[in-house]
Amino acid sequence: MELQHSDSCATWKKRLLSRFLKDTSATVTQIFALSTIPIFLAAGAAVDGARINDEHSKFLAAVDAAVIAVASDDRASVQSLSGAQLNARMLELENLAATYVNKNYHASGEIAVDLTITGQKVKLDANFQFPTTIMSLAGISEIDMKASSTVQKAMRPIELVMVMDTTGSMASSGKIDGAKTAAHNLLQTLYGGTLGNEPRSEFLRTALVPFAAAVKLDTAAYDFNLNWIDSAGDNPNSKVNWDAVTTPVAWNNYYAWSRLKKSSTAYHTWNGCVEARARGTGATDYHNNDATPTDGPTRFPAYFSVDTPSESSYGYDYISKGAITTVNTECYGLTSTQCTSTTTANLRIKQENYRKYDGKKVGTESVSTDGPWSGCAASKVVPMTYDRAKVEAGIDLMNASGPTNIGEGLSWGWRVISPGEPFAKVEGSGGLGATTIAPYGDARWQKIVVLMTDGDNDLSPGGYGFNNTIYSANGLAGEPTANNRFSTTTSSAIQGSMDTDMLTVCSNVKAAGIQLYVASFGSGVSTATKTRLQSCSSGTGYYQHATAPTDLAAFFNHIGQDVINKSIYVSK
């Protein structure tokens, strides 16, 4: 606050002194009267000072309110603007700031405002000429009343995971590229700059979960533990597609990978894709939750998309039919009847024949060829990390392939941000040390999940013969009732079961105190699914349907701004 003299009081002083010198009577009285002038002015200054301090507090409160209003506005994200666009936006925001200041403080003169935005900082300076009262007798008729307020965005720390649809339909209409752009832009908004300028932040931990019919874990990731996986076949779902009568006890989904060749001399290892756990009731239900994997039923089966019979379309057919003596064909080691019969029982025997896999060369994993990976997401989960570059790289690697299982993708998004195993750790980066994921209800860290999908849950129920669906994290809908992870083998009920799973996970995520943003994308989303996805979200402002990549990018930008706006504080 600066005091400025607006005129001179020399004339007033000269007249007062002249009158005093001419009056020679009552000298003592005049001397005393003259001495009261500075006393009177000092008392006046004290009165004005108290009034000025009171008004300055009110003025500062108005400026605080204005800067918060500007920082909370989506238009305050100006990192991507330059030149004329930036100038026009800043003028627009300054006018908004002036409106808020004038609405909350009624000044006697014009209030000047100056707004600056640097990264995630929004600073507002304001001033006007404030009139004095008694101090004006000393020539000080007004002072320059100033106030300054700074808002620092995103200072309440954030844990955020993006759950991104990478199914085959995302390959059309530029959707996969649009999704990548939107995800990159969301990170740029949250971090307040490019990867080169802002490679990490102590206030941000991020993760990525690409999904299709299943998700793929990164076995080389910082927070990965093979103990989460049923490598020994103790989970019944790991053996449901292996003939219990003829198959050696060692065979299960995890082991089967090691028996397939990717070249003439090299064998495959499990690629990280995982299946859903079994349904149950109460404490024994591990299907749509984040229960810690500690033993057979709670560990996740390794994903293994089985080779289906060659007679017709029963799903992923990647091993040809041959004579019962021909090695690595689906009939190898069977009887002639089992090989040629088209009864469901014999078709299932060909499907569950372990001999066809033993030493069979299926090549390297690819979205263009079928194998035990078929249906699973082509790109890997990036667990919670301070290292922004890893999430950005994961986005770039997203590839469109496979059918849609939204509930399974969201389940893993929840597990990635859940404080318990699997994924209980946060990878460090730079000077930020490794730590653990924040507990639910943490007063400091807020948890955010962003879900994006371009279609309905769809595993083609009713198709693929006795299998009833294409392979997914839920296995096959034609699996025996005791191990069925759809809770039904009825074709007409399978879609509803998947939709119910999705809504169950949504409810569980929100019940854990996690904010859930949901975006549907493109023309392949039915009206019914849009309605479900909207109810899946955390409410008004948390859901939007994007018809084009530009719409998706705009909504992701809104998400970033909304998350930040819920985290701002006034910094003095």
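Is Asp 562 buried or exposed? With a relative accessible area of 16%, Asp 562 is buried, where buried stands for under 20% relative accessible area, exposed for over 50%, and partly exposed for the range in between (1.4 Å probe, protein chains only). The views below are taken from a predicted model, in which local features need pLDDT of at least 70 and side-chain atom pairs count only at pLDDT 80 or more, while totals for chains, interfaces and linings use all residues. Residues are numbered from 1 along each chain as its sequence is written, and side-chain values use heavy atoms, with hydrogens and water left out.

**Figure 1. Overview of the chain, with its 12 helices and 16 strands.** Helices (H or I, at least four residues) and strands (E, at least two) are DSSP runs that are numbered from the N terminus. Of the 572 residues in the chain, 50% are buried. The chain exposes about 23700 Å², and carbon and sulfur atoms supply 53% of this area, as given by the Shrake-Rupley method with a 1.4 Å probe, in which, for residues, only the protein chains shown count as cover. Among contacts (heavy atoms within 4.5 Å) between residues at least 6 apart in sequence, 71% join residues at least 24 apart.

**Figure 2. Close-up of the salt bridge between Asp 562 and Lys 566.** The closest N and O atoms of this pair are 2.5 Å apart, and a salt bridge is here a side-chain nitrogen of Lys or Arg within 4 Å of a carboxyl oxygen of Asp or Glu. Side chains of opposite charge can pair when their charged atoms come close. Whereas Asp 562 is buried at 16%, Lys 566 is partly exposed, with a relative accessible area of 37%. The structure holds 22 salt bridges, and those that share partners join Asp 54, Glu 55 and Lys 58 into one network.

**Figure 3. Close-up of Glu 55 and Lys 58, a salt-bridged pair in helix α2.** The closest N and O atoms of Glu 55 and Lys 58 are 3.8 Å apart. Because the two residues are three apart in helix α2 (residues 27-71), about one helical turn separates them. Glu 55 has a relative accessible area of 18% and is therefore buried, whereas Lys 58, with 45%, is partly exposed.

**Figure 4. Close-up of the salt bridge between Asp 125 and Lys 123.** The closest N and O atoms of Asp 125 and Lys 123 are 4.0 Å apart. Asp 125 counts as partly exposed at 24% relative accessibility, and Lys 123 also counts as partly exposed, at 34%.

**Figure 5. Close-up of the largest cavity and the residues that line it.** Rolling a probe the size of a water molecule over the atoms shows where empty space is left. On a 1 Å grid over the protein atoms alone, a cavity is a set of points where a 1.4 Å probe fits but cannot get out, and lining residues have an atom within 4 Å of a point. Grid points are joined across faces, edges and corners, and a volume is the space filled by probe spheres set on the points. The structure holds one cavity of 30 Å³ or more, and the largest cavity has a volume of about 50 Å³. Its lining is formed by His 287, Asn 288, Asn 405, Gly 407, Glu 408, Ser 411, Asn 474, Met 498 and Asp 501. Helices α9 (406-417) and α10 (491-511) are the elements that give two or more residues to this lining, and α9 gives the most, with three residues. The lining residues divide into one nonpolar, six polar and two charged, where Ala, Val, Leu, Ile, Met, Phe, Trp, Tyr, Cys and Pro count as nonpolar, Asp, Glu, Lys and Arg as charged, and the others, Gly among them, as polar.

**Figure 6. Close-up of Thr 206 in strand β6 (residues 204-211).** Thr 206 counts as buried, at 0% relative accessibility. Not counting residues up to four places away in sequence, Thr 206 touches Leu 160, Leu 187, Tyr 191, Pro 383, Met 384, Thr 385 and Val 391.

**Figure 7. Close-up of Ala 389 in helix α8 (residues 388-396).** Ala 389 is partly exposed, with a relative accessible area of 33%. Leaving aside residues up to four places away in sequence, Ala 389 touches Leu 195 and Pro 199. Ala 389 and Ser 429 are 40 residues apart in sequence and, from C-alpha to C-alpha, 9.7 Å apart in space.

Key: 1 Å grid on protein atoms, 1.4 Å probe; cavity = no way out; pocket = protein on both sides within 12 Å on 5 of 7 lines; lining within 4 Å.
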